[in-house]
Structures are given as C-alpha cells and as structure tokens.
Amino acid sequence: MSIATLEISSSALLHNVKTLKNYAPTSELMAVIKANAYGHGQIEVATILSGKVNCFGVARLSEAIFLRKAGIQDDIVLLEGLFKHEDPHSLIHYKLSTFVGAVFQIEQLDSLHSASDSISVWFKLDTGMHRLGFRLEEANEMFNRLLTVDVVKKPINISTHFFNGDDPSGKDNKEQIKRCDDFIEQLSTDKVGLVSIAASSGVLNEPKSHRDLIRVGISLYGVSPFALTDFNLNSGHKLGLKSAMTFKSEVIAIRRHKQNETTSYGGVWKSESDTNLGVIAVGYGDGYPRNIKSGTQVLINGKHYSIVGHVCMDMLMVDLGLHNNVHVGDEVILWGSDLPVEQIAGENEMSAYELLTRLTSRSKIIVVK
Ligand SMILES: *Cc1c(COP(=O)(O)O)cnc(C)c1O
C-alpha cells in the first residue's frame, strides 16, 4: 500500500446518490464536485457518477474546464457564474450552464452572439445568504432583463441558497423559502424553468426545499452537514449515508518512550508513564491539520489510539501503550466509516467540510469498489 492514501469507494458514492434520491424522489440531482470533489478527487468522482446524476456543480471555470478536458460530457453548472475577467465564450466552447447573480454577468451573456436559447442559466436570488445573487427588491427587474438576452435559454431556472440550513429548527429556511416563493409567484409561470433551493442540509432537513433540483455536496460523500457537536445523532451513517473516503496511512516506526518524556515540536505533550509511541506517516503536508488536539483518535487493526503532541508536516505520533499488537507497516485509519470525519471535526471544533477540502495532492487517491 501507499503512504497517506485516500481510498474512495465508488459503491458508497452510488449508494449515497440513491439514498439522496430517496429523500427527494421527484427532484433532479446535481452532484457538487467543487474543491476537488471535497478532497475526493474531481475526475475520479465525476467518472464514477457520470450519467448517474443530472449534472455536476463546480465553483470555478477552471474546475469545469478540467472536467471537460478529462472527457466528462455531463452538464456542468458554474455555481458562482463567470468572474468579471473570464471570457463568456467559454460557456459556449465548453458547453457549460451558469448561475447569474450580478448585472455584469447578464452583460457578459448579452455580449455573446450565438444561437438563441443556447445557454442554460440559473437566476440566483438572494433570500438571506447575502453573499451572491440579486436582492429581492431588484430581482424582478434583473429577471426581466435576463429574459431579453437572446442566448439565454427560456424559461429561466431559479435558485437560492440557505444561510442556516443545518439549524434543526429550520426557522430561517422557512422564511427563505417564503421569499423565494413570493418572488416566483409574481412571475408568469411560462417564464420560470426549474427551481432549486436545497443543498445537503435542505435535502435532509426540509422537504419543502426539494423542488426540481437538489444540489448535494457533503452528503454525497456520506458526511453529515449538521451540527458537528452531536455527530453521534447526526452522522452520515445515521442519515443512511455511507462514508465514501477512507483516509489511511501506515506505521513507520515504533519507539519505546519513558515517563515524563515529550514528543514532537514544542514538547506540548508529556507521557504519564512508560509507553510505546507509534510514528505514522501522515501530517499537515497531506492535509491532516497541525492543530488537532492530543487525544484525537486513529484506528490501527480495529483499535483506537490517541494522537499525542503536535502533528508534524509528514508524521504524527500515537500512544500505543506498553502492551499492544501493532507492528511497523500496519495500516492506520485517520477517518472513514468506522471513525467518522464528523467525529474528528466535532472533537476539534472544526468543520468536516474543511477537513476534507484541505487534503493535499500528496495524499494519493485510489478508487475501490
Ligand atoms: C457548495 C454548494 C452546494 C453544496 O453544499 P453541501 O452543503 O455540500 O451540500 C450547493 N449549492 C451551492 C450554491 C454551493 O455553493
């Protein structure tokens, strides 16, 4: 086996697509594969899911082009739309769909002289996230303006995004749904295409948000979008999802360690008694964070051991105890189905989204059944 490996399970990904479709049986499904598919490998995930989902969502034009150059032919949607400096011809050249949430993006489309109705767009409505998208008071005017753009496919799709989707009370979600519905209601129905509101949290938490298309990222990978403090209640596993990634490495040294000795930089951890330390070939250079707390668990041969001392760039240390059955060369699991990434995140006051997306290219991706 290779050191610092991300084992990606194609059957888990396909299971999650099926499960999410069961949550939202009448909706189409966008697989969100931005940020290297949340660390799972953009091309690997796109290849597994190609033809099995309705479209892919990405955050950057470069991510879309990367997929096209790898031969992916499915519909790809730019979730942030084009940036100001980007050439709108790339939408035509690479056959992309795009979100539109700013005047300059309407102008970019208007500058194109291509066949009528050739670009599928999503009108992005700001109902509370206050990040991108048209404000409610300008939305009507902007929607009408977009309708006049020749290359834009009619009717026009409409999308909005929850800012508090993982709040179990769902109070803000309901308010945002109402704002979205109020906007749609005053448009003539023949102008409105598909509607999309839910990302993972909406799919799992708010059936009224399912609509025509769900945009699923984190849940696709088997990871819960919910409050990470109670990962036992709300882990991906509890929601019927399967963890698609096993992050693993191996033991490269086992050392005797005396009471009161420290390990790693700064000497922040000290042993209470004589023990053995296992040195594991994974560190922040692979994307396992440096500031993980001592006491965070890894799995070796099915047993939990605690990380001790600061994580280094290429290695970390675990306390194996005086008596153990661990050998140099044994496999170590940093997270996976038996040690959820939600748990590592929750115990360290971090976000599972961030843990996954900070994995680096040194961690080798291997696709398994
Ligand atoms: C990233 C993103 C998603 C996916 O969110 P998850 O919580 O990972 O499911 C959906 N919609 C938009 C607009 C996004 O940027």
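Mentor: Let's start with a cut-off: a residue is called buried when its relative accessible area is under 20%. Keep in mind that we are looking at a predicted model.

Trainee: Then what makes Phe226 buried or exposed?

Mentor: Its relative accessible area is 7%. The limit for buried is under 20%, so Phe226 is called buried.

Trainee: Where does Phe226 lie?

Mentor: Phe226 belongs to the loop that links E9 and helix H10 (231-234).

Trainee: And which residues is Phe226 in contact with, leaving aside neighbours within four places in sequence?

Mentor: Gly165, Asp166, Ser201, Leu204, Asn205, Asn234 and Leu239. Asp166 is 60 residues from Phe226 along the chain, yet their C-alpha atoms are separated by 5.0 Å.

Trainee: Let me try the rule on Thr275 in strand E13. What makes this residue buried or exposed?

Mentor: Thr275 has a relative accessible area of 6%. Set against the limit of under 20%, that value puts Thr275 among buried residues, so the label fits.

Trainee: What does the side chain of Thr275 reach?

Mentor: The backbone nitrogen of Gly321, at 3.1 Å. A polar contact needs N or O atoms within 3.5 Å, and this distance meets that limit. Not counting residues up to four places away in sequence, Thr275 touches Arg255, Arg256, His257, Asp319, Leu320, Gly321 and Leu322.

Trainee: Now the cysteines. How many disulfides are there?

Mentor: The count is zero.

Trainee: Why is Cys55 not bonded to Cys180?

Mentor: A disulfide requires two cysteine sulfur atoms within 2.5 Å. The sulfur of Cys55 has its closest cysteine sulfur in Cys180, 17 Å away, which is too far for a bond. Seen from the other end, Cys180 is likewise in no disulfide, with the sulfur of Cys55 as the nearest one.

Trainee: Are these two cysteines buried or exposed?

Mentor: Cys55 has 5% relative accessibility and Cys180 has 0%. Both values are under 20%, so both cysteines count as buried.

Trainee: Let's move to the helix. Which residues of helix H4 (residues 61-69) are buried?

Mentor: They are Leu61, Glu63, Ala64, Ile65, Leu67 and Arg68. Their cover includes helix H2 (34-38), helix H3 (42-49), strand E3 (55-58), strand E4 (76-78), helix H5 (89-93) and strand E5 (96-100).

Trainee: How does H4 lie relative to those strands?

Mentor: H4 lies across E3, E4 and E5, and runs at about 165° to E4. Just after the helix, Gly71 has a positive phi of about 95°.

Trainee: What is the order of the strands in the open sheet?

Mentor: Eight strands line up as E8-E7-E6-E5-E4-E3-E2-E9, with parallel pairing.

Trainee: What makes strand E8 (192-196) and strand E9 (213-216) edge strands?

Mentor: Each of the two pairs on one side only. On average, neighbouring strands in this sheet are turned by 30° against each other, direction ignored.

Trainee: How do you know that strand E6 (residues 121-124) and strand E7 (residues 156-159) pair?

Mentor: Pairing takes at least two bridges. E6 and E7 have three, in the parallel sense, so they qualify. One of the bridge partners to look for is Ile158 in E7, which is matched with Phe123.

Trainee: Which strands does strand E10 (residues 245-257) pair with?

Mentor: Its partners include strand E1 (residues 5-9), antiparallel over four bridges. Four bridges also join E10 to strand E17 (residues 331-335), again antiparallel. With strand E13 (residues 275-280) there are six bridges, and the strands run antiparallel. Each count meets the minimum of at least two, so each of these is called a pair. To find them in the model, look for Leu6 with Phe247, Glu250 with Glu331 and Ile254 with Gly278.

Trainee: Finally, which residues come nearest to the ligand?

Mentor: Of the 13 residues around the ligand, the nearest are Lys34, Tyr38, Ser200, Ile218 and Tyr353.

Trainee: What makes the approach of Ser200 a polar contact?

Mentor: An N or O atom of the Ser200 side chain is 2.5 Å from a ligand oxygen atom. The limit is 3.5 Å, so the name applies. Polar side-chain atoms of Lys34 and Tyr353 each lie 2.7 Å from an oxygen atom of the ligand, and these distances satisfy the limit too.

Note on methods
Residues numbered from 1 in each chain as written. Predicted model: local features only at pLDDT ≥ 70, side-chain atom pairs only at ≥ 80, totals over all residues. Heavy atoms only, no water. Buried < 20%, exposed > 50% of the residue type's maximum accessible area, 1.4 Å probe, protein only. Contact = heavy atoms within 4.5 Å. Axes fitted to C-alpha atoms, helices over the stretch in contact; angles between N-to-C directions. Near = heavy atom within 4 Å. Polar contact = N/O pair within 3.5 Å; in protein donor to acceptor, adjacent residues only side chain to side chain.
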